[in-house]
Amino acid sequence: MKKRYLIGSIIGVLVLLLIVLNPGQDRYVAWVGERLTEEKGILMNIGVDYVAKPIIDTSTTKKDFFFFTVYHTNLLSDKDMITLGIMNQFVPIKSIAYEK
């Protein structure tokens, strides 16, 4: 009986952590901006802050599943990016950089 309570408590804490640490869209936009800056260099930093972040924010839709969020960013007509946000981390599922 104690084992059930322990397992139930651990699962409850994990579920609560997943819900609390589900990253929001503002954190996603900042993460994409950081990736662009890393890939393009220091001169891109000004452009990312003032131009790219507002474009990324308006071209991103999100599906919130309470435990995680799926972000779909459509940057160009044929280029899109799908990212999983979970536990304050982002995992690219489909990225523009990986397409050929």
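**Notes on a helix-and-hairpin model**

1. Let me start at one pair of facing residues: L84 stands opposite V91, the latter in β4. This pair belongs to a model that is predicted, so please read every value below as computed from that model. The strands concerned are β3 (residues 80–86) and β4 (residues 89–94), which pair in the antiparallel sense over five bridges.

2. Now a step back to the overall layout. The protein chain has three helices and four strands, and their order along the sequence is α-α-α-β-β-β-β. Of the 100 residues in the protein chain, 24% are buried. Its accessible surface comes to about 7300 Å², and carbon and sulfur atoms account for 66% of that area. If we take the contacts between residues at least 6 apart in sequence, 42% of them join residues at least 24 apart.

3. β3 has a second pairing to look at. Strand β2 (residues 69–74) and β3 pair in the antiparallel sense over six bridges. Within this arrangement, Y71 stands opposite T83 in β3. Keep Y71 in mind, as this residue comes back in the points on K62 and on the core.

4. Strand β1 is worth a visit through K62. This lysine lies in β1, which covers residues 60–64, and K62 counts as partly exposed at 40% relative accessibility. Which residues does K62 touch, leaving aside its neighbours within four places in sequence? The partners are Q25, T69, V70 and Y71. In addition, the C-alpha atoms of K62 and H72 are separated by 6.2 Å, although the two residues are ten apart along the chain.

5. Next, the interior. The largest nonpolar core has nine residues in all: Y28, V29, W31, V32, A52, I56, Y71, M81 and F90. Two elements, α2 (25–40) and α3 (44–58), give two or more residues to this core. α2 gives the most, with four residues. As general background, nonpolar side chains in soluble globular proteins tend to be buried together.

6. Y28 is a good residue from which to view that core. Setting aside neighbours within four places in sequence, Y28 is in contact with T60, Y71, T73, M81, T83 and F90. Three of these partners, namely Y71, M81 and F90, are listed in the core together with Y28. T83, another contact of Y28, is the residue that Y71 faces across the strand pairing.

7. On the polar side, how many salt bridges does the structure hold? There is one, formed where the side chains of D80 and K94 meet at 3.0 Å, N to O. D80 lies in strand β3 and K94 in strand β4, so the bridge ties together parts that are 14 residues apart in sequence. Are its two ends buried or exposed? D80 is buried, with a relative accessible area of 14%, while K94 counts as partly exposed at 33%.

8. The turn between β3 and β4 deserves a close look at the backbone. Two residues sit between the strands of this hairpin. M87 is found in the loop there, and its phi is near 55 degrees, a positive value in a residue other than glycine. N88 has its place in the loop between β3 and β4 as well, and N88 also has a positive phi, of about 60 degrees, although it is not a glycine. For context, most residues other than glycine have a negative phi. I would invite you to inspect both residues in the viewer.

9. The side chains at this turn have their own story. M87 counts as partly exposed at 35% relative accessibility, and N88 counts as partly exposed at 27%. M87 is also part of a nonpolar surface patch of about 530 Å², which it makes with L6, I10, V13, L14 and L17. The loop residue M87 therefore has two roles in this note: its 35% relative accessible area makes M87 partly exposed, and M87 takes a positive phi in the hairpin of β3 and β4.

Definitions and conventions: Residues numbered from 1 in each chain as written. Predicted model: local features only at pLDDT ≥ 70, side-chain atom pairs only at ≥ 80, totals over all residues. Heavy atoms only, no water. Buried < 20%, exposed > 50% of the residue type's maximum accessible area, 1.4 Å probe, protein only. Contact = heavy atoms within 4.5 Å. Areas by Shrake-Rupley, 256 points an atom, 1.4 Å probe, with all protein chains shown as cover. Pairing = 2+ DSSP bridges. Core = buried A, V, L, I, M, F, W, Y, C linked by side-chain atoms within 4.5 Å. Patch = residues over 30% accessible without salt bridge, like charges linked within 9 Å, V, L, I, M, F, W, Y side chains within 5 Å. Salt bridge = Lys/Arg side-chain N within 4 Å of Asp/Glu carboxyl O.
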